[in-house]
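Colleague: I'd like a close look at one part of this model, the side-chain pairings around a single lysine and whatever they lead on to. Could you walk me through it in one go?

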Amino acid sequence: MQTSRSTALARALRGGVCRSPSQSAAGARRFSSRPGGVMATTSLLQHRPAKQQPLQPTTTLTTTVLRPLPQTRHASTTPSSSPPELQKTPLHDLHLAHGAKMVPFGGFHMPVQYSSLSVSQSHLFTRSHASLFDVSHMVQRVFSGPGAARFLQRVTPAGVEALGEHCSTLSCLLTTDAKGGIVDDAIITRLKEGRFYVVTNAACREKDDVYLEREMDKWNAEEGEEGGAVVEQEKWDGRGLVALQGPEAEGILARVLGEGEGLDLKKLLFGQSAFARLKLDGHLLSSPVLISRGGYTGEDGFEISIAGDETVGVTEALLAAGPEKVQLAGLGARDSLRLEAGMCLYGHDLDEATTPVEAGLSWIIPKERRTADAGYYGADVISSQLVAKSKGGSGVERRRVGLIVEGAPAREGVEIVSRAEEGKEAVKLGIVTSGCPSPSLGKNIAMGYVKDGFHKAGTEVDVLVRGRPRKAVVAKMPFVPTKYWKGDA
Amino acid sequence: MASIARCLRAARPAAFSAVVRNSAARTIGVRAFSVTATNEIRKYTKEHEWIDLSADKKTGVLGISEYAAKQLGDIVYVELPEEGKEVQAGDSIGAVESVKSASDINAPVSCKITQINLVLEEKPGTINQVAEDDSHGGGWIAKVQVTEEGLKDLEKLMDVAAYEEFTVAEGEK
């Protein structure tokens with residue numbers, strides 16, 4: 001199960017990193033040995049967009065300096081790194097007490113890493129033990145009413161009516177222009193008949209609010225009168241949301257499960273959820289928390305929705321398992337973990353100009369909703385894209401793929417081009433939307449979009465990092481096998 | 001791509017200031033030059049590069065600061081400058097990559113690249129260990145010939161005390 005993330009992480013971690021790849025003065029020394037390499041560089045450079053100016057300090061975005069030195073030759077910019085009135089999650093003070101580096105993300109002060117571990121160490125610790133992530137910035141809502149399921153089936157391609165009680169699905173809100181674009185991704189959980197818990201991205205909060213209010217008004221105007229199939233929304237603002245991820249997650253959660261809750265974690269499978277009370281310090285029990293098995297790392301784990309004023313207590317109870325088992329982890333590790341798991345980050349790997357089919361998310365559309373009359377926005381376009389051109393459908397022009405990149409990591413904004421060989425000039429195939437060195441694999445991984453036809457695993461391409469082609473191979477995702485709990489096999 | 005300074009700003013500690021600032025002073029302390037008023041001083045840029053000028057003011061060694069290396073985290077790839085290249089102060093001459101970011105290395109002064117530290121191709125993490133070490137096995141990035149213009153550029157850079165103050169201010173922002 002995937003949950004979400006948002007734009008500001010990129011600003012924090014990749015922000016300004018590769019948006020306009022500079023043509024580095026670093027030469028083709030190690031590259032000229034490859035036949036065709038230099039030629040490829042040359043021909044591609046001739047077609048570089050004007051904004052990528054060679055050999056100019058376009059990339060020296062000089063910091064805000066307290067005592068500016070006179071006559072520095074760099075263009076001095078003073079980017080406002082923090083938008084005003086950032087909110088704090090219920091765990092803000094706990095983060096500071098654990099030496100968090102805080103960054104603005106999705107309108108909140110969020111921890112990007114903690115003093116105890118580097119991003120790589122934190123990443124690897126999650127894969128070998130467990131990490132606890134504060135994801136309280138994400139937007140939690142509940143849609144209820146007799147029309148809720150059908151309402152959600154209009155704005156998403158999910159099979160909401162068929163969803164079992166306390167079962168979840170990844171889905172996405174679709175643009176209302178019938179083009180099948182993705183407004184945001186979302187996890188939808190049926191809590192009971194006519195009641196659905198929906199988690200969306202922090203960075204899309206305002207946009208989603210407008211979209212959902214408008215769509216609910218429209219729905220209630222159309223459907224509410226006649227059959228009384230109304231839908232209402234509750235926002236769970238102020239509630240905490242933490243993600244406990246990693247092989248030790250189950251044991252750590254089991255320690256604090258209240259006796260008599262009757263919840264056997266072995267029977268709570270990936271994509272399922274349950275309410276339960278957790279043991280706090282002393283003999284206190286929390287209010288019921290909503291435990292959903294899944295996460296955004298590819299590991300087994302849980303996302304736990306907690307009453308705002310109990311979030312610190314629950315978090316401390318989980319951390320009491322000990323630092324050898326569980327560590328706090330920030331947005332830095334969260335980003336590299338989700339990338340290894342092949343999961344999308346909205347605003348980077350997904351946007352309103354991208355359909356679920358292009359994004360490789362056809363699997364989120366159940367069989368019974370793959371027809372043009374399925375009743376969700378863009379069903380016409382999406383159902384046609386689901387069928388290849390050779391079989392009478394429209395197929396897609398571009399697809400999201402994974403890449404393994406040699407040498408320098410390819411990050412967001414890097415161009416993907418065809419491999420230049422004798423007699424063949426490189427042509428643009430697409431663009432990288434996320435990328436980093438993979439701590440687990442010791443290789444550079446990336447995801448991006450390429451022209452249909454270049455999407456098969458094993459296809460050799462080049463990526464232009466700092467203006468120079470580097471070898472890359474299309475690879476299957478996830479890059480690191482997922483370890484979701486699907487029961488004793 | 002962003003300068004080191006920009007990458008550091010993105011992940012700046014708000015709650016604490018993990019400033020490493022003793023090493024530069026220590027390095028300077030053991031250098032056995034007869035120091036005159038105008039040379040033999042390690043200088044720093046606001047983008048966190050350092051450069052040492054030789055006694056004859058003709059050559060130099062450059063790298064990224066220990067403060068920057070610490071803040072960037074585990075460095076996994078270094079794009080080295082091109083030998084023989086003549087560059088202006090501020091030009092991008094290479095890059096350092098950690099899990100979370102890619103940062104340009106900019107020429108601190110106008111110069112010609114004469115030698116690059118090939119150790120970093122195999123062991124980029126050397127920068128995390130000994131960022132400001134210009135010896136064999138150190139984390140220096142390039143040796144350069146400093147031009148006339150480069151000598152003027154040098155006057156605009158910070159000495160160790162000013163850089164220390166600068167990084168403290170960076171950490172507190």
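Modeller: Let's start with A:Lys235, which is partly exposed because its relative accessibility is 37%. Bear in mind that this is a predicted model. A:Lys235 makes a salt bridge to A:Asp209, with 3.3 Å between the closest N and O atoms. The lysine sits in strand β9 (residues 232-235) of chain A and the aspartate in helix α6 of chain A, so the contact ties together parts 26 residues apart in sequence. A:Asp209 counts as buried, because its relative accessibility is 19% and the cut-off for buried is under 20%. So this bridge joins a partly exposed lysine to a buried aspartate.

Stay with helix α6 for a moment, as another salt bridge involves it. A:Arg154 pairs with A:Glu222, and here the closest N and O atoms are 2.5 Å apart. The arginine belongs to helix α5 (residues 148-155) of chain A, the glutamate to helix α6 (residues 205-227) of chain A, and 68 residues separate them. Burial is again mixed: A:Arg154 is buried at 13% relative accessible area, while A:Glu222 is partly exposed at 35%. There is also an aromatic cluster in chain A, made up of A:Phe143, A:Phe151 and A:Trp219.

Now back to strand β9, this time for its place in a sheet. It belongs to an open sheet of 5 strands in chain A, paired antiparallel in the order β6-β7-β8-β5-β9. The edges are taken by β6 (168-174) and β9, each with a single partner strand, so each has one side without a neighbour in the sheet. On average, neighbouring strands here are turned by 30° against each other, if direction is ignored. At the β6 edge, 7 bridges connect that strand of chain A to the antiparallel strand β7 (residues 182-192). One bridge partnership there is A:Leu174 with A:Ile182 of β7(A).

What about aromatic rings? The whole structure has 6 aromatic pairs over all chains. In one of them, A:Tyr197 and A:Trp236 have ring centres 5.1 Å apart and planes at 40°, so the pair counts as tilted. A:Tyr197 is in strand β8 (residues 195-200) of chain A and A:Trp236 in the loop between β9 and β10 of chain A, so the rings tie together parts 39 residues apart in sequence. Both are buried: A:Tyr197 has a relative accessible area of 4%, and A:Trp236 comes out at 13%.

Chain B offers a stacked pair to set beside that one: B:Tyr44 and B:Tyr163, 4.2 Å centre to centre with 5° between the planes. B:Tyr44 lies in strand β2 (residues 43-44) of chain B, B:Tyr163 in helix α7 (residues 160-172) of chain B, and they are 119 residues apart. These rings are buried too, with relative accessible areas of 1% for B:Tyr44 and 5% for B:Tyr163.

Rings also turn up with charges over them. In chain A, A:Arg398 lies over the face of A:Tyr449, 4.6 Å from the ring centre. In chain B, B:Lys143 does likewise with B:Trp140, at 4.7 Å from the ring centre.

Back to salt bridges, then, of which the structure has 32 over all chains. One more worth a look is between the side chains of A:Glu340 and A:Arg127, at 2.9 Å from N to O. A:Glu340 is in helix α9 (residues 331-340) of chain A and A:Arg127 in helix α4 (residues 119-128) of chain A, a separation of 213 residues. A:Glu340 is buried at 0% relative accessible area, and A:Arg127 is buried as well, at 12%.

The helix carrying that arginine is largely enclosed by the rest of the structure, because 7 of the 10 residues of α4(A) are buried. Besides A:Arg127, they are A:Val119, A:Ser120, A:Ser122, A:His123, A:Phe125 and A:Thr126. What do they pack against? The buried residues of α4(A) pack against β3 (108-114), β4 (130-134), β10 (240-245), β14 (326-329) and α9 of chain A.

Finally, one set of salt bridges forms a network involving both chains: A:Arg411, A:Arg466, A:Arg468 and A:Arg470 are linked with B:Glu79 and B:Glu97.

Conventions:
Residues numbered from 1 in each chain as written. Chains lettered and ligands numbered in written order. Predicted model: local features only at pLDDT ≥ 70, side-chain atom pairs only at ≥ 80, totals over all residues. Heavy atoms only, no water. Salt bridge = Lys/Arg side-chain N within 4 Å of Asp/Glu carboxyl O. Helix = DSSP H or I, 4+ residues; strand = E, 2+ residues; numbered from the N terminus. Buried < 20%, exposed > 50% of the residue type's maximum accessible area, 1.4 Å probe, protein only. Contact = heavy atoms within 4.5 Å. Phe/Tyr/Trp six-rings, centres within 6.5 Å; stacked < 30°, edge-to-face > 60°. Lys NZ or Arg CZ within 6 Å of the ring centre and 35° of its normal. Pairing = 2+ DSSP bridges. Axes fitted to C-alpha atoms, helices over the stretch in contact; angles between N-to-C directions.
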